[in-house]
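New to this one? Let's take a walk through it together, one piece at a time.

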Amino acid sequence: MTINGQEVQMDKICRRTEDSKNYWVYTPTTNEGLAFLITQFKYTETVNVHKVFVNIYNQETELEFKISAQGFVEAWKKSEQIL
């Protein structure tokens with residue numbers, strides 16, 4: 001996955017909701033990747049994400065989206081207090 005132009009290796013985990021819908025959760029594989037991701041949310045207004053998915057038929061689909069970082073610092077500080 002590419003985050004603000006930098007490749008970040010991610011682990012993909014499948015989760016299931018209470019109504020039996022599946023969804024994917026991505027998390028950085030390394031501590032360095034996690035630190036980079038946190039830094040992007042702390043010090044930029046928008047985090048750009050680009051991911052190329054390849055299905056079982058070897059067809060590629062590109063996904064690009066932007067995530068607002070507004071409010072991240074406050075939420076991060078609150079989560080640190082809980083831990």
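What follows is a tour of the strands, the helices and a few loop residues.

Keep in mind as you look around that this is a predicted model. A good place to begin is the open sheet, where four strands line up in the order 2-1-5-6 with antiparallel pairing. Strand 2 and strand 6 are the edge strands, each pairing on one side only. As a bit of background, strands of a sheet pair through backbone hydrogen bonds, either parallel or antiparallel.

Now zoom in on one pairing in that sheet. Strand 5 and strand 6 run antiparallel to each other and share nine bridges. You can pick out some of the partners by eye: phenylalanine 53 has threonine 61 of strand 6 as its bridge partner, while valine 52 sits opposite glutamate 62 in strand 6. In general, side chains in a regular strand alternate between the two faces of the sheet. Phe53 also turns up in a nonpolar surface patch, which it makes with Leu63 and Phe65 and which covers about 230 Å². Phenylalanine 65 belongs to strand 6, and its relative accessibility of 35% makes it partly exposed.

Strand 5 and strand 6 form a hairpin with five residues between the strands. In that loop you'll find asparagine 58, which has a positive phi of about 65° although it isn't a glycine. Why is that worth a second look? Most residues other than glycine have a negative phi. Asparagine 58 is also exposed, because its relative accessible area is 65%.

There's another residue of this kind at the start of the chain. Asparagine 4, in the loop between strand 1 and strand 2, has a positive phi of about 45° and isn't a glycine either. With 26% relative accessibility, asparagine 4 counts as partly exposed.

Next stop, another hairpin. Strand 3, covering residues 10–16, pairs with strand 4 in the antiparallel sense over seven bridges. Aspartate 11 stands opposite threonine 27 of strand 4. Five residues separate the two strands of this hairpin, and in the turn serine 20 has a positive phi of about 65°.

On to the helices. Helix 1 takes in the 13 residues from 31 to 43, and at 1.5 Å a residue it should span 18 Å; its end C-alpha atoms are indeed 18 Å apart, so the two values agree. Which of its residues are buried? They are Gly33, Phe36, Leu37, Ile38, Gln40 and Phe41. The cover over them includes strand 1, strand 2, strand 4, strand 5, strand 6 and helix 2.

Let's stay with one of those helix residues for a moment. Glutamine 40 lies in helix 1 and counts as buried because its relative accessible area of 13% is under the 20% cut-off. Leaving aside residues up to four places away in sequence, glutamine 40 touches Ile3, Asn4 and Val47. That brings back asparagine 4, the loop residue between strand 1 and strand 2.

Last, have a look at helix 2, which spans residues 72–82. Alanine 75 lies in this helix and is partly exposed, with a relative accessible area of 45%. To get a feel for distance, find cysteine 14 as well: its C-alpha atom is 25 Å from that of alanine 75, and the two residues are 61 residues apart along the chain.

Conventions
Residues are numbered from 1 along each chain as its sequence is written. This is a predicted model: local features need pLDDT of at least 70, side-chain atom pairs count only at pLDDT 80 or more; totals for chains, interfaces and linings use all residues. Side-chain values use heavy atoms; hydrogens and water are left out. The expected span of a helix is 1.5 Å times one less than its number of residues. Buried means under 20% relative accessible area, exposed over 50%, partly exposed in between (1.4 Å probe, protein chains only). Contact means heavy atoms within 4.5 Å. Patches are made of residues with over 30% relative accessible area and no salt bridge: like charges are joined within 9 Å, nonpolar side chains (Val, Leu, Ile, Met, Phe, Trp, Tyr) within 5 Å. Accessible areas come from the Shrake-Rupley method with a 1.4 Å probe; for residues, only the protein chains shown count as cover. A salt bridge is a side-chain nitrogen of Lys or Arg within 4 Å of a carboxyl oxygen of Asp or Glu. Two strands pair if DSSP finds at least two bridges between them.
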